[in-house]
Amino acid sequence: MKLFNTTAFFAALTATLITVTLVLLGSRNLQNYDAALVAYLFGTLFAIFGVVYRYSVWIQRPPTKVYLKSSIRTLFSKEFIQCSWFSLKDFVKNILFQSFIIKRSKKKGIAHLMMAFGCLMAFAITVPLTFGWIHFTLVPETGLYPNVENIYTIHFFGFEMSTFPINSFVGFMTFGALNWCSVLVIIGATYFLQKRLKDPGLISTQTFEADILPLLLLNLVSITGLGLSLNYKFMNGKAFEFMAVSHAFFVIVFLIWIPFGKFFHIIQRPAQIGAHIYKEIGKNTGMQVCKHTKKEYTTRLHVTDLKEITTELGFNLQNNAGDSLLEYSPEGKRDLLAIAHLQARQTSGTYFG
Amino acid sequence: MNQYYKLQEEFFVDMQRCIGCKACEAACAECETNGHEPMIHVNYVNRAVTIQTTVQVCMHCDDPICANVCPADAITKDEFGIVHTANTSRCIGCSNCVMACPFGVPKKVEEYDLMMKCNMCYDRTSVGKKPMCATVCPSGALFFGTREQMEKLRPNSSPVNKFIFGMETVTTKVNIMLPKGTEVLKVF
Amino acid sequence: MAKLPVESEKIIAQFGPSLNFPSREPLECRDEPDKVVETHCCFCGMQCGIKLLAKNNKVVGFEPWMEFPFNEGRLCPKGVLRYMQNNHTDRLTSPIKNTPGVGFVPISWEEAMDNIISEIKRIQSQYGNDAFSMLSGVSLTNEKSYMIGKFARTALKTKNLDYNGRLCMVSAGAGNKKAFGLDRSSNNYQDLEKAEVIIVTGANVSETFPTLTHWIWKARDNGAKLIVVDPRVIPLARTADIHLDIRPGTDSALFGAILNYMIRHDMVDHDFIDYFTSGFEDAKDAVKDYTLEWAEEITGAKKEKIEEAAKLWGKASTSFLLHARGIEHHTKGVENVLSCINIVLASGRIGKPYCGYGTITGQGNGQGGREHGHKCDQLPGNRDIENPEHRKYISKVWGIEESELPGKGLSAYEIIEAIHRGEIKGLISICFNPLVSLPNSNYVREALEKLEFYIGIDFFLSETLRHANIVLPGSLHEEEEGTVTTAEGRVVRIRKAVDPPKNARTDTEIILEIAKRLGAGDKFSFSSSEDIFNELRVASKGGTADYYGITYEKIEKNMGVFWPCPELDHPGTPRLWEDKKFRTPDGKAHFNPVKYHSSMDPVDDEYPVILTTGRVVSQYLSGSQTRRIGKLVQQYAEPLLEIHPKLAAQFGIRQNEEVVVTTKRGSAIFPANIVETIREDTVFVPYHWPGKKSVNQLTSGHLDPISKIPEFKVSACSLQPTGKIVEVNKFSETYKSS
């Protein structure tokens with residue numbers, strides 16, 4: 001792979017510029033922008049640049065490109081309706097409720113769900129805030145008198161959306177939401193952390209930077225975030241400065257880390273739906289029958305595409321007769337090897353020694 | 001991790017010795033890294049005409065096709081030449097690796113929507129033990145040890161790690177025992 | 001009457017078989033077990049060394065035991081998954097009582113014991129002592145086998161004790177005693193290593209004794225020629241140098257012809273024959289007409305191949321002959337064994353390095369369990385119950401008058417017949433599942449139903465025990481200390497890994513308690529398994545199977561000791577007959593004249609096909625343990641009828657089509673598996689399954705006149721396709737078929 005990918009660079013640059021534009025628009029030329037969030041903003045912009053860059057590099061690789069092409073093809077075909085319903089179901093089942101993880105292990109699935117929901121909800125709240133798209137103002141009259149309940153107005157892209165009293169349910173949820181996210185993430189991440197410390201199978205294959213660090217980071221972000229609120233509420237803001245700085249630090253490390261490390265899987269995961277659609281529409285091309293076992297093993301489309309992918313990657317699996325190894329099922333291929341081995345042994349006159 | 005990995009010990013396969021008992025399959029499932037799914041394959045070659053069975057572990061290719069065709073970068077090879085099973089957070093269950101592997105090794109576990117494959121019992125080999133399958137194999141179809149040991153045990157066979165599939169030559173970490181002097185096996 | 005309290009489906013729902021699968025969640029405790037116990041597999045006669053991991057009084061996994069010399073960590077799938085029998089939901093944990101209309105209900109030990117004792121006393125006073133019989137099994141340790149022999153004769157005071165080795169080792173045992181005066185494999189398996197020629201006959205080694213394959217392959221690495229005799233192309237036969245695919249039941253014809261060929265071509269060891277054997281002339285005379293052409297006609301194997309095999313065997317300078325149930329499960333089982341021994345003796349290749357002969361013991365303790373008084377005609381040390389000297393010695397060891405010692409009783413199948421005739425009224429069984437393992441199972445069922453009182457001791461409620469009046473929860477292999485003797489004659493230590501759970505007790509405790517309550521407490525005051533072993537040592541002293549010089553300590557230190565070991569400083573005997581002093585009365589090895597006879601259930605127009613039975617690698621015997629282990633069940637989920645495509649075409653049978661197989665005993669339905677790896681005149685069905693899926697509904701109760709082994713291996717049958725194609729899959733519920 002090339003070290004520098006021009007297409008990806010321009011895609012990433014474009015995405016970053018669009019985001020900046022939207023920030024300017026949304027905050028009415030920074031008029032509504034909360035200066036305290038500017039460090040987060042730069043972190044997020046960096047993350048966007050990185051994610052889009054890596055995503056573009058990724059999507060250009062031969063095996064991935066096949067999905068891109070097939071998805072675009074499907075988008076403009078008559079199978080579109082069939083596929084949208086299928087993808088919607090798939091999205092709810094596998095992305096929203098992550099049923100494939102729950103099937104691997106119930107405990108793991110629930111822990112992951114907590115972590116994922118915690119993170120995604122936190123993103124949904126913090127990103128618009130960081131971009132200055134949303135901000136809150138106190139209705140001035142309610143702030144004047146200590147015995148009158150404070151009422152807040154919520155603004156989106158500079159437009160006034162609604163008002164709510166601070167002690168209402170909406171108020172409780174709005175200002176407490178991030179805390180709830182933190183709690184979910186802490187429970188989930190701690191579960192995984194202890195598992196990674198105890199499970200012999202995991203211990204043998206994990207590395208610190210790929211597996212432990214992300215969990216630590218999630219915990220640190222959540223704990224410092226939660227700390228900010230608790231600090232405000234119970235410690236009258238003592239050490240608030242320290243908490244704020246450390247929270248910002250961990251969040252920014254987290255953001256910068258997204259394109260490089262384990263968190264990129266959050267961006268990649270929806271490709272699973274692509275793979276499922278590919279399998280579904282592939283069935284319309286019929287099933288491939290193994291030349292040795294005479295049993296069906298995958299779709300014809302898959303075999304055709306794999307021939308292309310392997311060739312593009314520099315593997316030539318065709319023999320002189322023009323047959324491709326890819327026309328054999330996994331079991332068929334194992335049998336081919338066994339038959340070749342048997343022949344070699346038989347030719348030599350002895351099976352043993 | 002890894003500090004006890006014995007580089008001088010290698011994996012040797014001889015499928016003509018296989019008796020199809022599936023002790024390896026049962027033992028493989030005991031491996032801590034695969035949650036009671038066996039990763040090794042034992043199957044009849046063509047039961048209607050012969051009792052021949054074959055046994056297949058991951059060959060741990062030098063340039064693994066499975067990793068190349070993976071759209072999700074889920075398969076990696078480490079510094080010891082072990083090609084690891086799919087990274088659970090990345091694998092999207094597309095089965096490219098399953099269909100492209102020239103040895104028919106990766107296995108798609110449909111229920112988990114995940115590819116799983118042999119990682120040479122990494123939980124054991126990484127602490128200096130032998131892989132489960134090769135430890136229990138009652139026929140010597142699977143053997144894990146040094147080249148010197150193997151030469152002594154089977155002086156009339158040579159370990160081969162070069163295989164021809166069509167126009168492609170694949171070299172692997174795992175060896176297959178063939179008649180003395182054989183250097184390459186043309187499979188297809 | 002010993003009938004099922006409720007229909008079997010209800011019993012199955014409560015007591016299984018149900019399948020035990022490992023948890024998908026990794027077991028954290030495996031890394032830090034409380035105990036790592038060096039013991040042996042509970043299944044076949046190989047007795048592979050294995051380490052069990054125990055945590056919180058449960059066996060949670062295994063680790064290969066690399067140091068144990070026979071298997072060096074190697075295992076078969078049964079061995080790998082043996083730990084799954086522990087911590088099983090089907091485990092009996094309380095005495096239960098057969099309550100008609102209700103089922104089996106838990107009762108207290110006190111109530112169970114009272115009931116048992118009063119019924120034993122009632123039956124014995126009403127019908128005589130011998131009307132209460134006992135059936136045992138050789139998955140039990142040497143200690144328990146010995147104790148049961150003593151228990152039946154001195155506490156239960158019955159002559160009718162026999163064991164499930166009657167379906168296993170008796171033909172080989174009788175043959176070996178006739179020829180050598182001693183019943184043990186002549187060599188340990190290390191002698192296979194450099195044997196030039198190996199004959200394996202009637203032994204599907206790779207499925208029934210998988211870990212033995214290593215030693216045979218090792219020999220082949222060293223250039224050995226392998227001759228396999230089997231009606232099927234078994235895994236061992238595929239790569240064999242010669243495969244003699246003989247018709248089931250014609251083994252003695254084959255070996256007779258080989259002996260004749262050796263004699264005619266002067267491939268015999270005259271010196272050995274002259275100095276160390278007797279009976280050669282008679283044996284020679286018996287086979288003088290057995291030409292290769294005749295053998296081809298009888299056995300169906302090509303005469304050229306027979307000749308090639310005879311030449312290889314005749315000219316070899318080192319060799320090993322192995323046989324198992326394939327030649328022994330016949331009405332001429334003993335003759336078949338003797339025909340094998342004849343060609344070994346003629347070659348003179350015995351009692352020397354890499355020159356071996358042996359039967360492969362099937363059950364876990366098939367060797368030790370057949371030596372110490374478990375059999376109806378035997379006393380400890382492999383003594384004869386009808387020999388006055390032997391009776392005197394054992395009576396002294398047991399502290400009884402010789403006149404009190406019962407004589408020879410009935411063999412296992414004969415006990416069932418006597419029950420059927422109404423002569424035996426009571427039965428106590430341990431570790432035996434005759435309803436699945438004995439032939440003609442419908443007849444066996446009728447017999448069980450006629451019992452007035454039936455007591456069972458076991459850890460699972462086997463198919464047979466559903467007929468019991470009271471079942472006592474005994475112990476698993478890993479719940480008691482002891483020793484077993486492997487197929488090689490190596491005495492090894494079984495170590496306890498966990499205690500029996502809940503209200504279950506060890507088999508030993510149960511037998512001791514019953515003995516005490518029968519008034520024989522003074523003879524059963526053992527405080528440990530080692531205590532029993534020490535009495536066994538004395539009881540076996542001077543017998544052919546002499547264990548006197550073997551102690552627990554010695555076994556542990558040497559990873560096993562080979563008997564005979566008559567003195568404490570004796571190293572044991574891995575290879576017999578190096579001194580050429582055979583244990584027969586004249587001190588010589590005996591040739592025995594063997595004439596070929598046809599089987600008792602020959603094919604005819606009505607039943608034109610030979611049905612033979614055997615095992616698969618993932619199941620063990622009657623399956624009462626292995627049909628409860630999920631992965632083993634899935635490996636081979638239901639019995640299939642193996643049939644050659646030509647025979648299938650003749651009957652119009654298609655792949656996976658259900659076929660009605662009928663013999664004179666009855667019929668059963670099995671899906672067809674059409675394969676070229678079997679003779680064209682023979683079909684094969686494995687026997688591990690119960691009820692309607694049991695092939696033993698079809699096998700016959702014809703017995704060998706000497707060994708009393710049933711003729712499982714040859715039945716005449718007819719085939720009728722049903723037209724129904726079924727899907728054979730691993731989720732079949734055949735494992736609990738009723």
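In chain C, the axes of helix H9 (residues 251-264) and helix H13 (residues 303-315) come within 9 Å and cross at roughly 60 degrees. An axis here is a line fitted to C-alpha atoms, for helices over the stretch in contact, and angles run from 0 to 180 degrees between N-to-C directions. Helices (H or I, at least four residues) and strands (E, at least two) are DSSP runs, numbered from the N terminus. The crossing angle makes H9(C) oblique to H13(C); angles under 35 degrees count as roughly parallel, over 145 as roughly antiparallel, 65 to 115 as roughly perpendicular and the rest as oblique. The crossing of H9(C) past H13(C) is right-handed, a word used if the near helix is turned clockwise from the far one by less than a right angle, with anticlockwise giving left-handed.

Who takes part? H9(C) brings C:Leu254, C:Ala257, C:Ile258, C:Tyr261 and C:Met262, while H13(C) brings C:Ile306, C:Glu307, C:Ala309, C:Ala310, C:Trp313 and C:Gly314. Residues are in contact if their C-beta atoms, placed from the backbone, lie within 7 Å. By class, this helix contact holds nine nonpolar residues, one polar and one charged. Ala, Val, Leu, Ile, Met, Phe, Trp, Tyr, Cys and Pro count as nonpolar, Asp, Glu, Lys and Arg as charged, and the others, Gly among them, as polar.

Keep in mind that this is a predicted model, in which local features need pLDDT of at least 70 and side-chain atom pairs count only at pLDDT 80 or more, while totals for chains, interfaces and linings use all residues. Residues are numbered from 1 along each chain as its sequence is written, and chains are lettered from A and ligands numbered from 1 in the order in which they are written.

**Chain C and its domains**

Chain C is divided into domain 1 (6-87), domain 2 (96-168 + 365-481 + 503-534), domain 3 (170-359) and domain 4 (609-737), with bounds from an automatic or database domain assignment. The centres of domains 3 and 4 of chain C, taken over C-alpha atoms, are 27 Å apart. Where these two domains of chain C touch, 23 residues of domain 3 meet 24 residues of domain 4. On the domain 3 side, H5(C) gives the most, with three residues.

**Chain A on its own**

Chain A has 15 helices and five strands. Its C-alpha atoms fill a box of roughly 100 × 50 × 40 Å along the principal axes. The radius of gyration of chain A is 27 Å, whereas a compact globule of 353 residues would have one near 20 Å. That radius is taken over C-alpha atoms, and the globule rule is 2.2 Å times the number of residues to the power 0.38. Chain A has domain 1 (6-273) and domain 2 (286-348), and 44 Å separate their centres, taken over C-alpha atoms.

**Where chains meet**

Chain A gives 48 residues to its contact with chain B, and chain B gives 54. On the chain A side, H15(A) gives the most, with 15 residues. Chain B also touches chain C, with 27 residues of chain B in contact with 32 of chain C. Here H1(B) gives the most to the chain B side, with three residues.

The table sets out three of the contact sides by class.

| Side | Nonpolar | Polar | Charged |
|---|---|---|---|
| Chain A, touching chain B | 23 residues | 16 residues | nine residues |
| Chain B, touching chain C | 12 residues | nine residues | six residues |
| Domain 3 of chain C, touching domain 4 of chain C | seven residues | 10 residues | six residues |
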